[in-house]
Amino acid sequence: MLRAENVTLGYGRHPVVHDVTLDITEGGVGLIGESGSGKTTLARAFLGLLRPISGNIWYGDQTLKKADMRMFRKDVQPVFQAEALDPRMRVGTSIAEALPRAARPKVRELLEQVGLDPALATRRPHQLSGGQRQRVVIARALAVAPRLLILDEPTSALDVTVQARILDLLASLDTERLLITHNLAVVRRLCRLSHVLFAGRVVESGPTKDLLANPAHPYTRALRDAVPKLGGAPPEAKGRTEAVPAATGCPFRLRCPLAVPECEQAPPLRDVRGRQVACHRAEDVLLT
Ligand SMILES: Nc1ncnc2c1ncn2[C@@H]1O[C@H](COP(=O)(O)OP(=O)(O)OP(=O)(O)O)[C@@H](O)[C@H]1O
């Protein structure tokens, strides 16, 4: 439905996402990476809010530049952070605003669809819990019956039990999703495929379960190992976590515990056992 093809993105003339190609396919697609890796920038391009410096975003068989944007806005909806709800507006009105006039009675139905009591429609956002607010945001996005939701950290402001219920809700919708997060548990639940971004480049892509069970890129492995285990010791710092991305060669090499002189040459994305990896040492990473 949406495809980024050799997309380079930036602000002004400064590129922050480099030559990314990826498809949004069925079963959920995750974009994983640390803060500043370019996830939101890529999501903004998929929403038509940021034009590529080079490359194209394809919507079906048209580039976004040429597409019918009214149709596009009906098909593709963002799920933003709950804090962005207008604090002065009753939540029912917020949802109704997203609906055509004749469809306004659907507000009740939408609230029910996201597991909220329709009586909450008369409340203002501050009179709801964080989880309820996030459900309102999802109801608003669903108002136009989109085919794809683009979700940027949809649960990061919520505590773990509320998070789990929102994930159940998202998993139950038959809408496709592109999900941006640094929470690996969230992509594991909601995305069949994932792409790991480091310094604006895709360093590993593949089925989420394989990628997390057995990473082929040292950065994916570092992300996975950085998840604290309940009741366990704090994660051990591997490599030099403070190092900035290398400007030449593999961008991860200054942090990488497996770096070798060959890493001064940029590794291309290549197929390694069912996934795409940009690492000269992917086979060794899989073995260790
Ligand atoms: N409006 C902007 N103007 C200039 N630079 C920006 C702007 N927005 C983001 N950037 C820069 O682009 C890079 C990628 O940012 P982006 O927000 O896409 O990262 P992210 O992976 O979504 O991070 P986070 O998880 O913290 O939201 C960062 O270096 C950031 O400083």
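The exercises below work through a predicted model of one chain, from its overall make-up to its ligand shell.

Residue numbers start from 1 along each chain as its sequence is written. In this predicted model, local features need pLDDT of at least 70, side-chain atom pairs count only at pLDDT 80 or more, and totals for chains, interfaces and linings use all residues.

**Exercise 1. Overall make-up**

Task: State how many helices and strands the chain has, and what box its C-alpha atoms fill.

Solution. The chain has ten helices and twelve strands. Both are DSSP runs numbered from the N terminus: helices are H or I with at least four residues, strands are E with at least two. Along the principal axes, the C-alpha atoms fill a box of roughly 65 × 50 × 35 Å. The radius of gyration is 20 Å, which agrees with the value near 19 Å for a compact globule of 288 residues. That radius is taken over C-alpha atoms, and the globule rule is 2.2 Å times the number of residues to the power 0.38.

**Exercise 2. The sheet of four strands**

Task: Give the strand order of the four-stranded open sheet and find which strands stand at its edges.

Solution. Begin with the order, which is β2-β1-β4-β5 with antiparallel pairing. Two strands pair if DSSP finds at least two bridges between them. The edge strands are β2 (14-24) and β5 (62-63); each has a single partner strand, so one side of each has no neighbour in the sheet.

Next, take the pairs. β1 (residues 2-11) and β4 (residues 54-59) run antiparallel and are joined by five bridges. Within this pair, L2 has Y59 of β4 as its bridge partner, and T8 stands opposite S54. β4 is also joined to β5 by two bridges, again antiparallel, and here Y59 partners Q62.

Last, look at the turn. Two residues lie between β4 and β5 in their hairpin, and G60 in the turn has a positive phi of about 60°.

**Exercise 3. The sheet of eight strands**

Task: Trace the order of the eight-stranded open sheet and name the helix that packs on β3, β7, β8 and β9.

Solution. The order reads β6-β7-β8-β3-β9-β10-β12-β11, and the pairing is mixed. β6 (76-79) and β11 (270-272) are the edge strands; each has a single partner strand, so one side of each is left without a neighbour in the sheet. On average, neighbouring strands are turned by 20° against each other, direction ignored.

One pair inside this sheet is β3 (residues 29-32) with β8 (residues 176-181), which is parallel over four bridges. Here L31 stands opposite I180 of β8. The helix asked for is α1 (residues 39-46), whose direction makes about 150° with that of β8. Axes are lines fitted to C-alpha atoms, for helices over the stretch in contact, and angles run from 0 to 180 degrees between N-to-C directions.

Helix α1 also lies across β1, β2 and β4 of the other sheet, at about 120° to β1. A further helix, α9 (residues 218-225), lies across β3, β9 and β10 (201-207) and runs at about 100° to β9.

**Exercise 4. The two domains**

Task: Locate the domains and describe the side of domain 1 that touches domain 2.

Solution. Domain 1 covers 2-213 and domain 2 covers 216-288; these bounds come from an automatic or database domain assignment. Their C-alpha centres lie 27 Å apart. The contact takes 14 residues from domain 1 and 16 residues from domain 2, where residues are in contact if their C-beta atoms, placed from the backbone, lie within 7 Å. On the domain 1 side, β9, β10 and α8 (208-213) each give two or more residues. β10 gives the most, with six residues.

**Exercise 5. The ligand shell**

Task: Find which element gives the most residues to the shell around the ligand.

Solution. The residues around the ligand include Y11, G38, K39, T40, T41 and H182; a residue counts if its C-beta atom, placed from the backbone, lies within 6 Å. The element asked for is α1, with three residues.

Methods
Two residues are in contact if their C-beta atoms, placed from the backbone, lie within 7 Å.
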